[in-house]
Amino acid sequence: MRASSDSRPRVGILMGSQGDLPKMGKAAEVLQTFGVPYEILVLSAHRLPDRVAEYAAQAEGRGLRVLIAGAGMANHLAGAIAAHSLLPVIGVPLSSSALNGVDALYSTVQMPSGVPVATVAIDGATNAAYLAVEILALADDQLKKRLKELRAAERAKLEAGSKKPG
Ligand code: RP5
């Protein structure tokens with residue numbers, strides 16, 4: 001089920017290395033659940049800087065609305081993407097280093113004023129995707145309805161589990 005009649009990718013999921021796929025693939029799983037068209041690709045801020053700039057500069061014109069960028073170490077892919085685009089950029093610091101992602105967290109979250117990156121938790125690709133869906137839902141009633149249903153279902157599940165026996 002598509003979130004809109006336009007089938008072009010709405011969310012770009014980017015990662016600094018092919019090795020990041022097991023973590024960043026979780027964002028893709030969430031977007032699939034909501035029927036949000038997405039694309040997923042490897043783009044290293046340091047190894048492919050020209051392609052990062054080109055991708056970010058062209059993303060909005062290609063129909064993308066939110067970009068999710070995950071990288072480990074001090075790759076800082078999300079910041080590099082944000083430098084070249086006015087789309088909302090969600091950064092996912094990844095725990096692929098000896099510092100377990102704290103290095104990536106700091107480099108991703110500490111953006112200079114005016115070039116924001118909405119940073120989620122270390123390895124928080126799932127929440128990055130939920131945040132992307134919430135952003136898209138601002139202009140998509142069907143997505144908003146699905147988000148509300150999901151929250152209600154989770155609430156009901158918790159309430160059922162917290163009922164006193166007998
Ligand atoms: C970062 O360095 C990548 O995002 C990855 O998490 C980490 C290691 O990358 P590889 O050296 O395995 O490509 O840039």
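Lys and Arg count here as positive, Asp and Glu as negative, with His and the chain ends left uncounted; each charge is placed at NZ of Lys, CZ of Arg, CG of Asp or CD of Glu. On that basis the protein chain carries 18 positive and 15 negative side chains, and the centres of the two sets sit 6 Å apart.

A word on ground rules: this is a predicted model, where local features need pLDDT of at least 70, side-chain atom pairs count only at pLDDT 80 or more, and totals for chains, interfaces and linings use all residues. Residues are numbered from 1 along each chain as its sequence is written, and side-chain values use heavy atoms, leaving out hydrogens and water.

Start with the layout. Following the protein chain from its N terminus, you read β-α-β-α-β-α-β-α-β-α-α, which comes to 6 helices and 5 strands (DSSP runs: H or I of at least four residues for helices, E of at least two for strands).

Now go inside. Of the 166 residues, 43% are buried, meaning under 20% relative accessible area with a 1.4 Å probe, protein chains only. A nonpolar core is a set of buried Ala, Val, Leu, Ile, Met, Phe, Trp, Tyr and Cys joined through side-chain atoms within 4.5 Å. The largest has 25 residues, with Val 11, Met 24, Val 36, Ile 68 and Val 92 making the most contacts inside it. Elements supplying at least two residues each include β1 (11–15), α1 (21–34) and α6 (141–161), while α5 gives the most, with 7 residues. A second, separate core has 19 residues, among them Ala 45, Val 52, Ala 71 and Leu 77.

Note on methods. Buried means under 20% relative accessible area, exposed over 50%, partly exposed in between (1.4 Å probe, protein chains only).
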